[in-house]
Structures are given as structure tokens and as C-alpha cells.
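Subject: Structure handover

Hello,

Here is the structure for your project. My notes follow below it.

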Amino acid sequence: MSASHSMATPPSTAYAVTLMEHLVVPTFVLDANRRVVVWNRACERLTGVPAAQVIGTREHWRAFYTQARPCLADLVATRDWGRIERLYTLHHDPATPAHGVHVENWCDMPHLGERRYLVVDAGPVFDDHGQLIAVVETLRDNTENKLASVQVEEQARRLRAYYDSHEREAELARRILDHQIRSDVTLQSGVAFRVSPADNFSGDMVLAARSPDGRLYALLADAVGHGLASAVSALPVVQEFYRLVEQGEPLGSLVESINFILANALPAGRFVAAAFVCLDESAQRGEVWVGGVPDVLMLDADGALLQCFASLHLPLGVSTDEDDVRRTVSFDWTVAAQLVMVSDGVVEATSPDGREFGVKRLLAAVDGASPVIEAVSDALQTHLCQLPAHDDMSILVVPCPLPDCP
């Protein structure tokens, strides 16, 4: 055994010292007076400090720090447990120090010219009479893992900050959209509806309002895609809808105006499929316009199909050149009825085994059902096996009452 790595030792302990010398784990040993008696080769490689410089001295701190301070082995030797918390970044509670103490810390490593994050364990060695004869300290360079952990923590912090910022912006956007859409006005008009977004925001939109002469206008809009971008695409519809309803404009003029706005406001590839209806309940007459959404269904009070209004137009915003964009379909009713409008997300809702919900299941769901929205929603959840939908799903039900059945 080289004298440069340990002090002269009695033959009875020479074998143990030799083992420590050849450990692959960086290890040094202090005697009861806190002088270095072993500084193995692995410790030399870790610290850059030759054993000859520290054996027999109390200068082992110089391998780890630029200013004098105790190492963990010193604190174990002096039983100075209170300083551990002040000197080490991470430590275990030394409730049973006889079994050793575990700490972690950044060390300056002045002989290497770089900081290292060391995992340190130190334990006392006692003689047969319980007297301290040595303290063994082992070291492990955990710098790479620590840097990776710090990087992960920083990324997590940035992600949390981004998420919090996104949530604040999303909440503001939700408030703006809710204020614009005015769901209270829609509810007061007498329609029933449900909008189930696939994301935080829905590209589907339901609006309803009454003109000054009492006519009921209702709209189900389905902007391409889903999420905030889709919701913003449908937003230009809102103010124009309410403005023209307040003016009592004919349904065809209202559709034409909204189409013109969207065609000039939306970027290429963005459009809004929609269905409009205008009812004169006192005359039991109405108009409907459908562009790009599933057929509007007219059902009697028992849910039986009375009439089907198919899509005759392109979605809104595709083109301003559509010659018949103002053209609506007129209808009347002689029995209490209801118009059911749904977005693509309803009929295209796909079960786990790849089957679309489709119009047949929609008709089966509403047959004899009351209220219609609950029946359709339950049927959709059963079809999807309670899994989330991949697109926004919206249902709008507009009653067509008889004069004596308000």
C-alpha cells in the first residue's frame, strides 16, 4: 500500500485500509482528531488533490471549498448536527447518526476549477468501548443528474408560468366571448340548446333573439376546427346577427350580410357552417337557411319527423359570389312542432369501434323523447362509451308552437 494514500497503520487494520484504498467509490477517513488517515485513489481522481497533500492534516476541506469550513466527516466527528442544515442543501435528519449521515451539496472543487454536485455519506467508527476512532466519508459525483434535474425543474417552472399565463388569457377570452354571445338573450328567446366543446373553447355557437315585431331568429354556427381559433372565427357573426335582428331585417338579408363579413374577415381555409331560422309564431310560418351543417329536422311533439331541410348553400365565408345566398326555404306548421339543429360533431361522433352516430341514431334518439336535448345527449354519451368527443357538439331546439300552445 502506498504511503501517499494513508498514514502508517497497525497490521491489524492494514487490510481494511487496503480495501478502502482500492474502492472505486471516492473515500477518505478522519481519525478521532479529525486528521486525514486515508485518501483513496478514487478520491484523488474526484478532487484533483493528491493524497500526499492531505494525509496527516486537517486540510481536506481545501479539496472542496475555497474557504475553510467543516466537511460532513468533521460534523460527525464532533456531533455538531445543528450545522448540517446550514451547510448542506439537502440532508437527511441525523436521528441515528451511528448509522451514518447523508447530505448533498454543491462544492467548489478549486483544484478542478469547476463546481460539482456531490452526494456525501459519512459514518462514525467506534472501538469496543464505544469510543470514536474514525469517521469514514464517501462521495459520489452526481453533477450530471443534478444539472438535468435543475433543467427539468426550470422547464417545469417555465411550463407552469406559461400555463398560468395561458389560463389567465383563456379566462379573459372566455369572458369576452360570453359577453359577446349573450347567452341570457338566447335563453330568453325561448329556445333550448347545449354546446359541448371538445376543447376549452367551442367553435360552435348558438344565438337567438327576437326582433322588435316579435319574430324569433335563431342560429347554429359551426366554425371549422375547434378551440380558441375556431371560436374567434365565429365571433364576427355575433354583433352582426344581433344588429340585424334588432333592425328586423329579412332572414335572407341577414345571411347575406354575415356571409359578406366573414368572406372578407376570415383567412383562407376558414369558414363557418351554419343554419338559420326565422319564425313568425303568430302566423305559424317560418324560413330556414342551411349551409354546410347537417339537415335541420322538423319534428312533431312526439318526435316524429315532419320535414327535413337539407343544406342548399356553401358555408358562410367561403365566397361572396354565391348567387342565391339570400335564398331561404319557407315553411309553415299546423301542429305543435320543433326544429332540431345539430353541428357536424353530433352526427360525426365516432364510437371506439369506429361507427359514426349518424342521422338514424339521431332520429331514434328524439323519437318520443322529451326533452329532446337530454335524449340526444344521453344517446351520444352511450355511443361514445363516455369517452371525450373529438369535435364540438351542439344541439339547438326551436319550438314551433300553436297559438293556443305557447
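The expected span of a helix is 1.5 Å times one less than its number of residues. Helices (H or I, at least four residues) and strands (E, at least two) are DSSP runs, numbered from the N terminus. Helix 8 covers residues 251–265, so its 15 residues should span 21 Å, and its end C-alpha atoms are indeed 21 Å apart.

The ground rules come next. This is a predicted model, in which local features need pLDDT of at least 70 and side-chain atom pairs count only at pLDDT 80 or more, while totals for chains, interfaces and linings use all residues. Residues are numbered from 1 along each chain as its sequence is written, and side-chain values use heavy atoms, with hydrogens and water left out.

Burial is used throughout. Buried means under 20% relative accessible area, exposed means over 50%, and partly exposed is in between (1.4 Å probe, protein chains only). In helix 8, the buried residues are Leu251, Gly252, Ser253, Leu254, Val255, Ile258, Asn259 and Leu262.

Strand 1 and its neighbours

Strand 1 (27–31) is followed by a loop and then strand 2 (36–39). Five of the five residues of strand 1 are buried, so the rest of the structure largely encloses this strand. Thr27, Val29 and Asp31 point one way, Phe28 and Leu30 the other.

Two strands pair if DSSP finds at least two bridges between them. Strand 1 pairs with strand 6 (residues 132–141) in the antiparallel sense, over five bridges. Its pairing with strand 2 is also antiparallel, over three bridges. Leu30 stands opposite Val135 in strand 6 and opposite Val36 in strand 2.

Strands 1 and 2 form a hairpin with four residues between them. Arg34 sits in that turn with a positive phi of about 65°. Most residues other than glycine have a negative phi. Arg34 is partly exposed, at 26% relative accessible area.

Cys385 also has a positive phi, of about 55°, although it is not a glycine. Cys385 lies in the loop between helix 11 (372–383) and strand 16 (393–400). Its relative accessible area is 47%, which means partly exposed.

The open sheet

Five strands form an open sheet in the order 7-16-15-12-13, with antiparallel pairing. Strand 7 (192–196) and strand 13 (305–309) are the edges, and each pairs on one side only. Four bridges join strand 12 (residues 296–300) to strand 13. Val296 has Phe309 in strand 13 as its bridge partner.

Aromatics

There are nine aromatic pairs. Rings of Phe, Tyr and Trp (its six-membered ring) pair if their centres lie within 6.5 Å; planes under 30 degrees apart count as stacked, over 60 as edge-to-face and the rest as tilted. The rings of Phe64 and Tyr65 have centres 6.3 Å apart and planes at 55°, so this pair is tilted. Both residues are buried. Phe28, Trp39, Phe64 and Tyr65 form one aromatic cluster.

A charge sits over a ring if NZ of Lys or CZ of Arg is within 6 Å of the ring centre and within 35 degrees of the ring normal. Arg69 lies over the face of Tyr65, 4.0 Å from the ring centre. The charged end of Arg69 also sits over the ring of Tyr88, 5.1 Å from its centre.

Cysteines

How many disulfides does the structure hold? Zero. A disulfide here is a pair of cysteine sulfur atoms within 2.5 Å. For Cys107, the nearest cysteine sulfur is that of Cys71, 7.7 Å away. Cys107 is buried, at 3% relative accessibility.

Best wishes
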